[in-house]
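Let's take a friendly look at the aromatic rings of a protein and how they sit beside one another. Here are the sequence and the structure to explore.

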Amino acid sequence: MDEQRAAVVPLTRAQRVLAGVGGLFFAGLAGLGGYGSFASVRDVAEPWFGGQAWIVPAGVDLGILALVSVALLLEWLAMPMPALRWMAFAFTAATVWLNVSAAHGDATGMVMHAAMPVLFITFIEAVRHAIRRRAGIAAGTVREGIPLARWLLAPFSTFRLWRRMVLWQITSYPHALTAEQRRRHALALLDAHYGRRWRTRAPADVVWMLTDGVMLDQALARVTELTAPTPDHVDETPPAKKPASRRPAAPAPSQKAPSQKTSSPKAPSEKAPRGVATDNEARALAILDAEPGITGAELARRLDVSSRQGQRLLSRLNRPAPTHTS
């Protein structure tokens, strides 16, 4: 609205001169039209008014000028009153009818009698349009039109765009286009995030704002927040092993630890096969290095073993290594 108000600039000198010349021509047209219709209307009204028949054409012409002047003033003040305008049209139509009646059915005479009143009304409508346009631009209430080419190329989307401009008082066509582009971008984000049923899955207030095209700044902020990637969607990658660890290093799956064979005379009775146990121990050590506080049940879930085996493996790996004295 502020940009539109700034766009209303005063008339240049050439424009003021041209407006003055047009005003003089209009005054001459009004004078000639009134003079030409005066005698005709007086003759038509004479059978009913007698010697006072001149009051009818004079009153009608003065009434038209008064109505037109007040209607233009109200348009200039951005307070239009359509009743005044239509009343001026009615009086002008009555004048045209009286002048046509004076022609007594002659087509040429009817056209000549109706020409000047029609020119008068046409000029008044042009002045009214100019005043209304400038007053509306100054008040920020004039809505710019949509190009015909867009109506032809995309009639349905253009109708929706025009509807939003009318409903929400969007007077600038470029601003309406920018808002439509931002709205469609938000819809694309929701469709990519929620799928085709985004209307039922997205928050109701966001769906309302984007459907009606209102409060787009707030709607886009909400959509950006909703569709932003969260830590839950990031692939979990185990961090690198810590250089220092209080637990003894586990042997590689393909290696055998001879020291453990000699220092452990008795092997546990309930054990998985050696290859599987060694592989589970290596994986368990990697998990414990990344998450020292993991529970036995979680460790069992990660290794795809029973909870009992996971607890035993956790206890065995957390047990301090035995010290041998020479």
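Rings of Phe, Tyr and Trp (its six-membered ring) count as a pair if their centres lie within 6.5 Å. This is a predicted model, and a search of the whole structure finds four aromatic pairs. A pair of aromatic rings is described by the distance of the centres and the angle of the planes.

Here are two of the pairs, side by side.

| Pair | Distance of centres | Angle of planes | Type |
|---|---|---|---|
| F26 and F123 | 4.6 Å | 10° | stacked |
| W86 and F89 | 5.4 Å | 80° | edge-to-face |

Why is the pair of F26 and F123 stacked? Planes under 30 degrees apart count as stacked, and the planes of F26 and F123 are at 10°, so this pair fits. F26 belongs to helix α2 (residues 13-49) and F123 to helix α5 (residues 107-139), so the pair ties together parts that are 97 residues apart in sequence. F26 counts as buried, with 18% relative accessibility, while F123, at 28%, counts as partly exposed. Ring pairs also link F26 and F123 with F120 into a cluster.

Now for the other pair in the table. Planes over 60 degrees apart count as edge-to-face, and those of W86 and F89 are at 80°, so this pair is edge-to-face. Both residues lie in helix α4 (residues 82-102), where W86 and F89 are three residues apart, about one turn of the helix.

Is W86 buried or exposed? W86 has a relative accessible area of 53%, so this residue is exposed. The ring of W86 has another partner too: the charged end of R85 sits over it, 5.3 Å from the ring centre.

Notes. Residues numbered from 1 in each chain as written. Predicted model: local features only at pLDDT ≥ 70, side-chain atom pairs only at ≥ 80, totals over all residues. Heavy atoms only, no water. Helix = DSSP H or I, 4+ residues; strand = E, 2+ residues; numbered from the N terminus. Buried < 20%, exposed > 50% of the residue type's maximum accessible area, 1.4 Å probe, protein only. Lys NZ or Arg CZ within 6 Å of the ring centre and 35° of its normal.
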